[in-house]
Amino acid sequence: MYTVGSYLAARLSQMGLKHHFAVAGDFNLVLLDQLLKNKELEQVYSCNELNCGYSAEGYARARGAAAAVVTFSVGGLSAINAIGGAYAENLPVILVSGAPNSNDRATEHLIHHTLATHDWSYQLEIAKKLTCAAVSVASAVDAPHQIDYAIRMALREKKPAYIEIACNVAAAECAAPGPANAILGEESSDQESLAAAVAAATEFLQDKQKPIILIGSKLRSAGAEKQAIELAEALGCAVTVMAAAKSFFPEQHPQFAGIYWGEVSAPGAREIFDWSDSVMCIGTIFNDYSTVGWTAMPSGPNVLTADQHRAYFQGRDFGRIHLREFLSGLAKKAPKRPATMVEYQRIRPRPQPQPPAKAEAKLTRAEIFRQVQDLITADTTVIAETGDSWFNGMALNLPSGARFEIEMQWGSIGWATPAAFGYAVGASSRRVILLTGDGSFQLTAQEVAQMVRRKLPVMIFLINNHGYTIEVEIHDGPYNNIKNWDYAGLIQAFNAEDGKGRGLRAANGGELKKAIEAAVANHDGPTLIECVIDRDDCSAELISWGRQVAVANARPPRPQ
Ligand code: DPX
Ligand code: MG
């Protein structure tokens, strides 16, 4: 016998989820009971709904999809920021919200947690703007169809979906779920369009001597990382990677030519990119940040763009093709074009090993990342918060197997701590290293308590530079100074009577080394290392990038 709630649980499990994130509230309690009945699915609790959404987003990065279950309005509206993030970052997160009793629709009753008006459709309406499918379930008869539709769309589009379930319907009997294909079936390419796209792209390449590949973050959402390697190897050219896609092409691959980010690219990457005569942009997203204030925007007849379901170049546009099939089809036809690779090998700067700082010398950003680098193994995932952690993270060299997560399109500070929690829940065998700033941490710090609760050994490097340094470099003012906290001291408060988290502070290289040893030895909870540095000790890349972003922000309104 199935209920609406147990039907949803069965579908979440068929999606490949082992967990769902939740915050309780009276509109979802019965639903949570129903979800708990499914023994394949574990309920993981969050301190608030914003964190719940971010944790699900982080889990989706580790496992391909996720679900967050919240209560109506007061919970749902908090989660919405994270759902916007999942949309921007192309991650299928299912937001499930409990909702008022179906008998209270179209009555004169006013409902708690709402605006004290009779119209509480606003959450559904808002969700429609920020998801690829939003449904309101008020009937057990329609529930299977509505739930399947929302999940199927999310998985196909790699976007979030929204399902609200009336609290009196969650335990109502409903039909049993059919085969998983109803939600998993991916649309395959139209063969004619695919053949035409591959033929035209082959012609495009035949014409060029010095093509280069630029990998973007939508490569991962399209599930086409393997096929990008196939194409790269067929062409033999250099492969540059956008910041948002770091680790989506292996950094140890002989054709990897670094992170391309205009003026703040890795050494040699910009030079080889500018030297090329054509660019294959694969899953790229260009915005003001990724183009360094519109100074590095590939465009024109020498750019071929291949997206999840589309390829377009030189006035031609091919739809209904899947990126995976397009890339591997092109790999079979592509001419050998190694020129950018050969040239990159000539100009590539050889990395100089950084000497350690004196143990008692005041801690610097450079020394922190010299030490963090040594921690990165094949099974490490680095999660970098918005702030100078973006730029510090970019410079890390990833051994094969290591992964890197960044929320560059949405860029909501506070994301990384709960996302690291969610990622660690989803990938418990990986070493999770969180790089965050003091300002960002203050938004969602309490989620460290959930890492303590689940004994997750996340290593947190909290860079305390006493303020919003990225904003300082874009435009400074008193608003960029923040109240200092005893960040290391917080962990004891989160531990309370039974936790095994550790909080340590490092003000010099020797202290940092000891703190890292303690973190590596702590298997029973997170270790937060507060790294204290000067307010202006930031990366050179942040300074250059900040200047260009400030210029772009300051463009005067166009005359009417
Ligand atoms: C803001 C940002 O301390 O990092 O390295 O010191 O910059 P750095 P911190 O974590 O400070 C972050 C701060 C205030 N951005 O510099 S990046 C504006 C902003 C945002 N998201 C939200 N609110 C404000 N990106 C939710
Ligand atoms: Mg800071």
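Tyr 122 is buried, at 14% relative accessibility, which is under the 20% cut-off for that class. The model it belongs to is predicted. Its chain has 560 residues, and its radius of gyration of 24 Å agrees with the value expected for a compact globule of that length, near 24 Å. The points below start from the ring pair that contains Tyr 122 and go on to the metal site, the cores and the chain as a whole.

**Aromatic pairs**

- The count of aromatic pairs comes to 16.
- Tyr 122 pairs with Phe 72; the ring centres are 6.4 Å apart and the planes stand at 45°, so the pair is tilted.
- Phe 72 sits in the loop between β4 (66–70) and α4 (76–88), while Tyr 122 belongs to helix α5 (residues 122–130), so this pair ties together parts that are 50 residues apart in sequence.
- Phe 72 is buried as well, with a relative accessible area of 0%.
- Phe 441 and Tyr 487 make an edge-to-face pair, with 6.0 Å from centre to centre and 70° between the planes.
- Phe 441 lies in helix α17 (residues 438–444) and Tyr 487 in helix α20 (residues 487–495), so the pair links distant parts of the chain, 46 residues apart.
- Phe 441 is buried at 0% relative accessibility, and Tyr 487 is buried with a relative accessible area of 0%.
- Trp 261, Tyr 289, Trp 390, Phe 391 and Trp 545 are linked into a cluster by ring pairs.

**Magnesium site**

- Which residues coordinate the magnesium ion (ligand 2)? The donors are Asp 438 (OD), Asn 465 (OD1) and Gly 467 (O), at 2.0 to 2.1 Å.
- The spacing of these donor residues in sequence is D-x26-N-x1-G.
- Asn 465 and Gly 467 are both buried.

**Nonpolar cores**

- The largest nonpolar core contains 90 residues, and Leu 8, Ile 151 and Ile 163 have the most contacts inside it.
- Beyond its neighbours within four places in sequence, Leu 8 is in contact with Leu 31, Leu 35, Val 96, Ile 147, Ile 151, Ile 163 and Ile 165.
- Another core, of 81 residues, lies apart from the largest one; among its members are Leu 219, Ala 228, Leu 235 and Leu 542.
- In soluble globular proteins, nonpolar side chains tend to be buried together.

**Helix α14**

- Is helix α14 (residues 365–375) largely enclosed or largely open? Eight of its eleven residues are buried, so the rest of the structure largely encloses this helix.
- The buried residues of α14 are Arg 365, Glu 367, Ile 368, Phe 369, Arg 370, Gln 371, Val 372 and Leu 375.
- Their cover includes the strands β16 (380–384), β18 (431–437), β19 (459–464) and β21 (527–532), together with the helices α15 (388–394) and α21 (509–521).

**Loop residues**

- Asn 38 is placed in the loop between α2 (29–36) and β3 (42–45), and at 16% relative accessibility this residue counts as buried.
- Leaving aside neighbours within four places in sequence, Asn 38 touches Ala 9, Ala 10 and Ser 13.
- Ser 247, in the loop between β10 (239–241) and β11 (256–259), has a positive phi of about 85° although it is not a glycine.
- Ser 247 is buried, with a relative accessible area of 8%.
- Trp 294, in the loop between β12 (278–282) and β13 (303–307), also has a positive phi, near 65°, and is a residue other than glycine.
- Trp 294 counts as partly exposed, at 41% relative accessibility.

**The chain as a whole**

- The chain has 22 helices and 21 strands.
- Its C-alpha trace spans about 70 × 65 × 55 Å along the principal axes.
- Of the 560 residues, 59% are buried.
- Among contacts with a separation of 6 or more, 77% are between residues 24 or more positions apart.
- About 22,300 Å² of the chain is exposed, and carbon and sulfur atoms supply 52% of that area.

Methods
Residues are numbered from 1 along each chain as its sequence is written. Chains are lettered from A and ligands numbered from 1 in the order in which they are written. This is a predicted model: local features need pLDDT of at least 70, side-chain atom pairs count only at pLDDT 80 or more; totals for chains, interfaces and linings use all residues. Side-chain values use heavy atoms; hydrogens and water are left out. Donors are N, O and S atoms within 2.8 Å of the metal (3.2 Å for Na, K and Ca); water is not among the atoms, so sites may look incomplete. Buried means under 20% relative accessible area, exposed over 50%, partly exposed in between (1.4 Å probe, protein chains only). Helices (H or I, at least four residues) and strands (E, at least two) are DSSP runs, numbered from the N terminus. Contact means heavy atoms within 4.5 Å. A nonpolar core is a set of buried Ala, Val, Leu, Ile, Met, Phe, Trp, Tyr and Cys residues joined through side-chain atoms within 4.5 Å. The radius of gyration is taken over C-alpha atoms; the globule rule is 2.2 Å times the number of residues to the power 0.38. Accessible areas come from the Shrake-Rupley method with a 1.4 Å probe; for residues, only the protein chains shown count as cover. Rings of Phe, Tyr and Trp (its six-membered ring) pair if their centres lie within 6.5 Å; planes under 30 degrees apart count as stacked, over 60 as edge-to-face and the rest as tilted.
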